[in-house]
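Here is a walk through one structure, from its ligand outwards. Keep the sequence and the 3D view side by side.

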Amino acid sequence: MPEARSYDPAKDFIDTQDYDQREITELLDLIALLKDADKDGACPELLKDVSLGMIFEEPSTRTRVSFEVAMVKLGGHALYLRPGEIHMGARESIYDTAKVLSRMCDVIEARTLKHDTCVELARWSDVPVINGLTDVNHPTQAICDIFTMREKLGDLAGKTCVFVGDRTNVCSSTLWIATMFGMNVVHAAPPAYQAPAEWVAEAQRNVDRYGGSVTVTDDVRDAVRIADVVYTDLWWWVDQEDEIPERRAAFMPDYQVSAELMSRTPEHCIFMHCLPASRNVEVTDEVIDGPRSVVFDQAENRLHAEKGILVWRTYPRVAHDASPEIRAFHRGAAESFLASAGWDRIHPPSAPSAGTPTEVPS
Ligand code: CP
């Protein structure tokens, strides 16, 4: 195996922090264009005949469905590859898997338990690898979310997003993408569940460049007073179920997004959640189903975001529309071969066997 190399942000999409505001704004503009086309039933087939391999080490509704439907709308197709059904990580190295998929697929999406697995796949893959969520971040969700905020709120510079609750991979991605657009971002959580210093330092890097601010606090009631967006996520994931009693005790009732908490926000403040949600745990039914909630618009935008991300990473790398002459040449070569091998004959239907009625009796 060759020496380790890093993934390539010009090929892969692993982290929004690898790009600047101009590059992400271009991507958002592409997503808007493809969303408009889709709404007119006219999504351009920019990835005709392109194959996407989708590796999912964890379950998914939105990510899986949005990537698969996006590929069909763009004229390509997707393969769902589950551990246990492919060899990666068990009988085959990440390196070999990356090399083989690169020879058969044009782009790979990977949801991996460990961030390093996704990075390793991208390092060795010769085709783009798109991070579909790891234990560190969720960049495709972040693109969808900033697109949704821009749709709902317009110019985002100086607006405030308050992320309430656990320091999930969606929390890190929200801190990073919102500060890239000059927003004031607040993580409101009990001290034991607050964003670590390295996440805040990453966000501060954006603040130094684009303005806005990043703050961590346990005073959620004060934080939401000027919120344009209140965002929350699950309080525990499947591998944290043995921590449910202590997590519930830490977050409930102060950090539950309830009607009472939303009543402290300005009237125009919207509510976002990446989903899946635990209803009446981190958010009440009244809020998630209420007029401030944009969660299903946000979920739909995963589809439009995936179309944009797939085109952004893949379109420049794949062959487009062979000329009629090249198509005719290859078709002719194949048909000549079939004729010379005698494989082009249409066999006559077999004669009716005795007793088989040939006419319907009158
Ligand atoms: N938000 C999100 O990533 O949802 P899924 O886990 O259903 O893909």
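**The ligand and its pocket**

The ligand occupies the largest pocket. Keep in mind that this is a predicted model. The volume of the largest pocket is about 830 Å³. Its lining draws two or more residues from each of these elements: α2 (62–73), α6 (169–180) and α7 (197–210). In total, 37 residues line the largest pocket. Nearest its centre are E58, L133, T168, N169 and W237. Sorted by class, the lining of the largest pocket comprises 15 nonpolar, 10 polar and 12 charged residues.

Now move in to the ligand itself. Which residues are around the ligand? They are S60, T61, R62, T63, R111, H138, Q141, C274, L275 and R302. By class, this shell holds 2 nonpolar, 5 polar and 3 charged residues.

Three polar side chains or side-chain atoms deserve a look. Start with S60. An N or O atom in the side chain of S60 is 2.6 Å from an oxygen atom of the ligand. Next comes R111. One of its polar side-chain atoms lies 2.9 Å from a ligand oxygen atom. Then turn to Q141. Here the partner on the ligand is a nitrogen atom, 2.9 Å from an N or O atom in the Q141 side chain. How much of the ligand does the protein cover? On its own, the ligand has 260 Å² of accessible area, and the protein covers 94% of this.

Next, the backbone. Most residues other than glycine have a negative phi, and most peptide bonds are trans. Three places in this model depart from that pattern.

L133 is one of them. L133 is not a glycine, yet its phi is positive, at about 120°. L133 sits in the loop between β4 (129–131) and α5 (139–153). This residue was met above, among those nearest the centre of the largest pocket.

L275 also came up before, as one of the residues around the ligand. The bond that joins L275 and P276 is a cis peptide bond, with omega about 5°. P276 belongs to the loop between β9 (270–273) and α11 (285–288).

Another cis peptide bond runs from M252 to P253. Its omega is near 5°. Where is P253 found? Look in the loop between α9 (244–251) and α10 (259–262).

Finish with the second largest pocket. Its volume is about 210 Å³. Which residues line the second largest pocket? Its lining consists of E45, L46, K48, D49, Y315, A319, H320, D321, A322 and R327. By class, that gives 4 nonpolar, 1 polar and 5 charged residues.

Methods: Residues numbered from 1 in each chain as written. Predicted model: local features only at pLDDT ≥ 70, side-chain atom pairs only at ≥ 80, totals over all residues. Heavy atoms only, no water. Near = heavy atom within 4 Å. Polar contact = N/O pair within 3.5 Å; in protein donor to acceptor, adjacent residues only side chain to side chain. Areas by Shrake-Rupley, 256 points an atom, 1.4 Å probe, with all protein chains shown as cover. 1 Å grid on protein atoms, 1.4 Å probe; cavity = no way out; pocket = protein on both sides within 12 Å on 5 of 7 lines; lining within 4 Å. Sits in = over half its atoms within 2 Å of the grid points. Nonpolar A, V, L, I, M, F, W, Y, C, P; charged D, E, K, R; others polar. Points joined across faces, edges and corners; volume = space filled by probe spheres on them. Helix = DSSP H or I, 4+ residues; strand = E, 2+ residues; numbered from the N terminus.
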